[in-house]
Amino acid sequence: MTVGRRTWNPDTDGWPEGEIELRAYGNGHYLGRFMLTPGPGPGPVPPLQARLVAVTLADQTGAALDTAGPVRGR
C-alpha cells in the first residue's frame, strides 16, 4: 500500500494510523472509494487473505460501476 508517497508494507511496518482509502477503478477511471477505519489503539494487522478480499471487492465494484454507465437525469 502507499502512505503519503511512501510504499508501506503492513506485514513489516504494521498497520498505518488513521483511515485507509481503497480506491475503486473501472476501465482505468476512478469511480469511488472505500474508507477502511481501524479500531481504537494499535491492533493486529488484518491477515493477507482479508486484505486481498477487500481489494477484490473494490475491484469488482469498480468493474460493475463501469458497466452500469452514467446515471441519467433524475
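**Burial**

I started with how much of the chain is hidden. In this predicted model, 15% of the 74 residues of the protein count as buried. I then looked up the surface: the protein exposes about 5900 Å², and carbon and sulfur atoms supply 56% of that area.

**Fold and overall shape**

Next I listed the secondary structure, and I got 2 helices and 4 strands. Going along the sequence, I read the order as β-β-α-β-β-α. I checked the spread right after that: the radius of gyration is 15 Å, well over the 11 Å from the globule rule for 74 residues, so the protein is more spread out than a compact globule. I also took the box along the principal axes, and the C-alpha atoms fill roughly 45 × 25 × 25 Å.

For contacts, I kept to pairs with a separation of 6 or more; residues 24 or more positions apart account for 38% of those in the protein.

**Charges**

I noted 7 positive and 7 negative charges in the protein. Their mean positions lie 8 Å apart.

**R51**

I went to helix 2, residues 48-68, and picked R51 there. Buried or exposed, I wondered about R51? R51 has a relative accessible area of 15%, and the cut-off for buried is under 20%, so R51 counts as buried.

What does R51 touch, once its neighbours within four places in sequence are left aside? I wrote down P10, D11, W15, V45 and P46. I looked at P46 again for polar atoms: its backbone oxygen sits 2.6 Å from a polar atom of the R51 side chain.

**A54**

I stayed in helix 2 for A54. At 25% relative accessibility, A54 falls between the 20% and 50% cut-offs, so I put it down as partly exposed. I also paired A54 with F34: the two are 20 residues apart in sequence, and their C-alpha atoms are 9.2 Å apart in space.

**N27**

My last stop was a loop. Which strands does the loop holding N27 lie between? I find N27 between strand 3, residues 20-26, and strand 4, residues 29-36. I checked the backbone there: phi of N27 is near 55°, a positive value in a residue other than glycine. N27 has 64% relative accessibility, and the cut-off for exposed is over 50%, so I logged N27 as exposed.

**Side by side**

I closed the page with the three residues together: R51 is buried, A54 is partly exposed, and N27 is exposed.

Note on methods. Residues numbered from 1 in each chain as written. Predicted model: local features only at pLDDT ≥ 70, side-chain atom pairs only at ≥ 80, totals over all residues. Heavy atoms only, no water. Rg over C-alpha atoms; globule rule 2.2 N^0.38 Å. Buried < 20%, exposed > 50% of the residue type's maximum accessible area, 1.4 Å probe, protein only. Contact = heavy atoms within 4.5 Å. Areas by Shrake-Rupley, 256 points an atom, 1.4 Å probe, with all protein chains shown as cover. Lys, Arg positive; Asp, Glu negative; His and termini not counted. Charge placed at Lys NZ, Arg CZ, Asp CG, Glu CD. Polar contact = N/O pair within 3.5 Å; in protein donor to acceptor, adjacent residues only side chain to side chain.
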